[in-house]
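Subject: Structure handover

Hello,

The structure is below, followed by notes on what was found in it. Please read the notes with the structure open.

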Amino acid sequence: MKKIISLVIIITSLKNASAQTDEKTFHDEGEYLNIQFSPPSDLVISPQVWTNIKKTYAEVRWDYEDARTFSLLLGRQASFGDKTEFVFTPMIGGMYGNTKGILPAFYLTAKNDKWNFYTQNEYALSLNNTNS
């Protein structure tokens with residue numbers, strides 16, 4: 001757990017040092033911490049950190065796909081459109097911990113003067129052996 005917390009701090013530091021501030025970036029840099037507690041279940045703390053460096057997107061998460069599972073996603077942004085701007089970021093990632101696997105994902109933003117649309121999608125492909 002100490003290694004995960006250290007990694008989150010390092011990613012946050014990199015984000016603050018070199019994060020892109022381009023208005024075309026669809027997903028602002030940031031951190032998110034979700035805390036869930038419902039007795040008799042265990043306390044679940046799920047930190048997420050994401051950043052944009054030039055047109056490269058990176059996101060690190062803990063306890064997001066599964067308990068005690070670390071995940072990392074990397075993607076490259078593409079933007080197009082004049083009156084309505086679209087920003088599409090296909091990503092690939094992996095998860096390691098209780099669940100090991102591959103994470104294909106994407107973010108899509110569309111915006112103009114009157115509206116803003118945002119969606120994200122991820123599919124977790126587990127590599128865990130289900131026969132045992």
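Read from the N terminus, the pattern is α-β-β-β-β-β-β-β-β-β, that is, one helix and nine strands. Helices (H or I, at least four residues) and strands (E, at least two) are DSSP runs, numbered from the N terminus.

This is a predicted model: local features need pLDDT of at least 70, side-chain atom pairs count only at pLDDT 80 or more, and totals for chains, interfaces and linings use all residues. Residues are numbered from 1 along each chain as its sequence is written, and side-chain values use heavy atoms, with hydrogens and water left out.

Overall figures: the protein has 132 residues, of which 33% are buried (under 20% relative accessible area; exposed is over 50%, partly exposed in between; 1.4 Å probe, protein chains only). The exposed area is about 8,800 Å², with 58% of it from carbon and sulfur atoms (Shrake-Rupley method, 1.4 Å probe; for residues, only the protein chains shown count as cover).

Strands S2 to S4: S2 and S3 run antiparallel and are joined by six bridges (strands pair if DSSP finds at least two bridges between them). Their hairpin has two residues between the strands, and lysine 54 in the turn has a positive phi of about 60°. S3 also pairs with S4 (residues 69-76), antiparallel, over seven bridges. In that hairpin six residues lie between the strands, and aspartate 63 has a positive phi near 60°. Threonine 56 is the bridge partner of isoleucine 53 and also of arginine 76 in S4. S3 (residues 56-62) has five of its seven residues buried, so it is largely enclosed by the rest of the structure.

Surface: Leu33, Ile35, Phe37, Leu43 and Ile45 make a nonpolar patch of about 510 Å². Patch residues have over 30% relative accessible area and no salt bridge; like charges are joined within 9 Å, nonpolar side chains (Val, Leu, Ile, Met, Phe, Trp, Tyr) within 5 Å. A salt bridge is a side-chain nitrogen of Lys or Arg within 4 Å of a carboxyl oxygen of Asp or Glu. Phenylalanine 37 lies in the loop between S1 (30-36) and S2 (44-53) and is exposed at 56% relative accessible area.

Aromatics: rings of Phe, Tyr and Trp (its six-membered ring) pair if their centres lie within 6.5 Å; planes under 30 degrees apart are stacked, over 60 edge-to-face, the rest tilted. The count by this rule is four pairs. Among them, phenylalanine 80 and phenylalanine 86 are stacked, 5.4 Å centre to centre with 15° between the planes. Phenylalanine 80 is partly exposed at 48%, as is phenylalanine 86 at 28%. Tyr57, Tyr107 and Tyr118 form one aromatic cluster.

Regards
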